[in-house]
Structures are given as C-alpha cells and as structure tokens.
Amino acid sequence: MTLTRSRRRLLLGAAALTLSLAAGSTAGWNMPDGAPPAAASASTAGPATSYDAATKHDAAFNATFEHRFAQVRGVRMHYVTGGRGPALVLLHGWPQTWYEWRKVMPALAERHTVYAVDLPGLGDSAGSPASFDKKTLARYVHGLLRDRIGLDSFDLVAHDLGGGVGFQYVSQFPERVRSYVHMDYPLPGPKLPVAQYRTFSWHMAFNSQQAVPERLVDNPGDVREYLTAFYPQVAYGGTAFGGTRTRSPFTDAEVDEFVRTYSRQDVLRAGFELYRTLDEDERDNVAAARVDTPTLLLTATGSLAATRPTVAPLLRNITRAVEIPESGHWLAEENPGAVAREILAFTAR
C-alpha cells in the first residue's frame, strides 16, 4: 500500500524519535556521513547525461577536470579527474558523492592529479557490487585504480564511511599508498564494537534497518526532506555537537546534486547498505593487517579525543592529528581551505 506524504512524515519522525531515544547522546561522535553505456572505458567520458548536471556549465571546473567511467567486475564506476603531479585519490562518505570534494579539488589539482571516485553503487556509479562491506568495496576501488586507470602508487584521502573503505584499502594494498588521510570516521573494530557504534546517532540505527528506510524514504521529495533535515544535525553547531543549528552548511545547488543521485532507488538502497554491513566491517577490521602507512587524521571540532582511540590500534603511524576549526562532520565543505592546506602539507612530506 502506498503511504501518503503526511503519513510517511509521521512514520519517519516516529522512527527517528524512537531510535534517538534508544541511541542516547551523539555528542563527541559525529557521523554521518540516463547512464552512459556500460562499456564506457576508463579513458573516455560517457555521453552528456545527468552525471555532469552540477558541472557542465562550470567553465573553470571543466578547464581542469573531466568525468570518466570504467567497468570493474560488472560495476560501472564513475570518477572525476584532473590536475598535474602525483596521483591523489579521494573517497566520499554518506549521504554524499565525489561532489563533496568540489571545493578542495582545484587547490589539490595544483600539485596532484586528482581522482575523485564515486564508490561502487553510489553517485553516478552503477551496478551492485558483491557486497557493501568496506573490504569488498576497497577491492572494487583497487580494480579501478590499478587495472583500469593504471596507478602504481598514490596518496589516499577518505571521509566518513569512505574512511572504512580507505582503511581496508591501505590494509590490503599498503604498497600502493604513499600516505593516507583519514577524515572524521571512528573505525568499528577492536576498540569500537558495532553495537556501541550504532548508539552514537539515531541515523546509524535507522539506516541499518532492513527495508524500513526504503519504505519511508521512497521518492525524490522524501529524499530531499531526509537529507536537508540531516545535513545540519552533524554540521558545526548542530545537534550532534550539542547545538541548535538548523541551517544547512550546503548551498541549494549542492543539495540538488546529492538529491539527484540518492533519488535513484538503487543508490538510495546502496547508501543504507553501507550501514547494514557494519557488522562485517567490525569483523574485517579486527582481522585486518595493521597499517604502518604515514597517516593524517582529521576530525570535526571537538571530535579528535573520541575518534583517535578507535583508529589508533589499526592505523599505527598517525603522524599528525588535527581538528578542523569551526567544522562539523562536513569538513571539506565547512572549512575547505583548512582541509586543502592540511592535505597538501601532508602529501608534500
């Protein structure tokens, strides 16, 4: 039976309230976050479709960057690349896409060849990977970077649930990563059981439910309402930080771009699957090889003390750890200048 919009809102609000009461406080733990032909290769951009909706009229962006696609184990992966210098790979979180890096990419491209990747099944990537656990997703990313693009080594930056993929990538393929930047993501694992992790915010418990999220967030209008309500909660001064902020840190154009992709039912489901596979992530992280790659840890203001103990046993060579000033969870959008400076200084070492 189709739910009316008012009924859906009531159900979604009730679910959020119930889960938030069960979850307890979020303070100190800030998480969120027409396709081209399947045969498109890594060396060609697909035909002009909605994948470039946010960038096709941006002359400055298009002078440096281009959209490309590649087939990896049955999944068509989308990425944006440009710049000159050593390769730098960017992995996004939820509910975002490669576009979360838009404000920092020009500065990074002055010293690096940048590759901003849409994770398998998310953004303008298409097709379903074998699983959405982060160890499996890291292998798809590896297939893209090694087999399709041909990168032998690179610097890696990963945010939010993309940080789960980033850690698994460095753990599985340490010889390929020169340095690693881990951004605002407590790692489920030996110091953080998933059962505890899911109590940090109502959305972590809600997104982990089977079928329920898709039933309540099942059309573009609902996706927009859900995302626009969520973004300010984990922004600087939002309720996740004990504040009262209700204003989104994103522009209408930025929200439009994220809503465009997450309004696709397959992408919406893929985003929720990132949370449903957290139990596998915990087991995989406990069993993973510890990482000695030089690591920069960036967190939201006020989050470093809570985040570092969860990642330090796994990322054993954290050479610098910094809270981004006046930033909540959306580091690259809320303070892009500080994020770009930290990444460039670290990769130049």
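## β6 and its neighbours

In this predicted model, valine 177 of β6 has phenylalanine 154 as its bridge partner. That pair belongs to a parallel match between β5 and β6 (residues 177–183), held by five bridges. Further along, alanine 158 is bridged to histidine 182 of β6.

β6 also pairs with β7 (residues 295–299), again in the parallel sense, this time through four bridges. There, tyrosine 180 sits opposite threonine 295 of β7. As for cover, six of the seven residues of β6 are buried, so the strand counts as mostly covered.

## β5, covered on both sides

What about strand β5 (residues 154–159): how many of its six residues are buried? Six of them are. Phe154, Leu156 and Ala158 point one way from the strand, while Asp155, Val157 and His159 point the other way, and all are buried. If you're picking out side chains to look at, note that an aspartate and a histidine are on that buried list too.

β5 has a second partner besides β6: strand β3 (residues 87–91) runs parallel to β5, with four bridges between them. In this pairing leucine 91 is opposite alanine 158. Alanine 158 thus turns up twice, facing leucine 91 and bridging to histidine 182 in β6.

## Over the helix and back

Follow the chain on from β5 and you get to helix α5 (residues 161–172), which together with β5 and β6 makes a right-handed β-α-β unit. Aspartate 160 is in the loop between β5 and α5. Its backbone is worth a look: phi is near 55 degrees, a positive value in a residue that isn't glycine. Is aspartate 160 buried or exposed? Aspartate 160 is buried, because its relative accessible area is 0%, and the cut-off for buried is under 20%.

Another contact to check involves helix α4 (residues 134–149), which holds lysine 135. The C-alpha atoms of lysine 135 and valine 165 are 6.4 Å apart, although 30 residues separate the two in sequence. Lysine 135 has a relative accessible area of 28%, which makes this residue partly exposed.

## The β1–β2 hairpin

β1 and β2 are antiparallel and share eight bridges. One of the facing pairs is phenylalanine 65 with glycine 82 of β2. The two strands form a hairpin with two residues between them, where arginine 73 takes a positive phi near 50 degrees.

Arginine 73 lies in the loop from β1 (65–72) to β2 (75–83), and again the residue with positive phi is not a glycine. Buried or exposed, then, for arginine 73? Arginine 73 counts as exposed, because its relative accessibility is 53% and the cut-off for exposed is over 50%. Aspartate 160, by contrast, is buried at 0%.

## A cis proline and a long-range pair

The peptide bond between tryptophan 94 and proline 95 is cis, with omega at about -10 degrees. Proline 95 is placed in the loop that links β3 to α3 (105–109). So if you build topology files from this model, that's the bond to keep in view.

Glycine 238 is in a loop as well, the one between α9 (220–230) and α10. Glycine 238 is buried, with a relative accessible area of 0%. Its C-alpha is 9.7 Å from that of histidine 329, a residue 91 positions away in sequence.

## The largest cavity

Rolling a water-sized probe over the atoms shows where empty space is left. What lines the largest cavity? The lining is Tyr99, Glu100, Arg102, Lys103, Glu254, Phe258, Ala332 and Glu333. The elements that contribute two or more residues to this lining are α10 (252–262) and α14 (331–334).

The largest cavity holds about 40 Å³ of space. By residue class, the lining has three nonpolar residues, five charged ones and no polar ones.

## The whole chain

Stepping back, the protein chain contains 15 helices and eight strands. Of its 349 residues, 59% are buried. The accessible surface is about 13000 Å², and carbon and sulfur atoms account for 53% of that surface.

Technical notes
Residues are numbered from 1 along each chain as its sequence is written. This is a predicted model: local features need pLDDT of at least 70, side-chain atom pairs count only at pLDDT 80 or more; totals for chains, interfaces and linings use all residues. Side-chain values use heavy atoms; hydrogens and water are left out. Buried means under 20% relative accessible area, exposed over 50%, partly exposed in between (1.4 Å probe, protein chains only). Accessible areas come from the Shrake-Rupley method with a 1.4 Å probe; for residues, only the protein chains shown count as cover. On a 1 Å grid over the protein atoms alone, a cavity is a set of points where a 1.4 Å probe fits but cannot get out, and a pocket is an open set with protein on both sides within 12 Å along at least five of seven lines; lining residues have an atom within 4 Å of a point. Grid points are joined across faces, edges and corners, and a volume is the space filled by probe spheres set on the points. Ala, Val, Leu, Ile, Met, Phe, Trp, Tyr, Cys and Pro count as nonpolar, Asp, Glu, Lys and Arg as charged, and the others, Gly among them, as polar. Two strands pair if DSSP finds at least two bridges between them. A crossover is right-handed if, with the strands pointing away from the viewer, the path from the first strand over the helix to the second runs clockwise.
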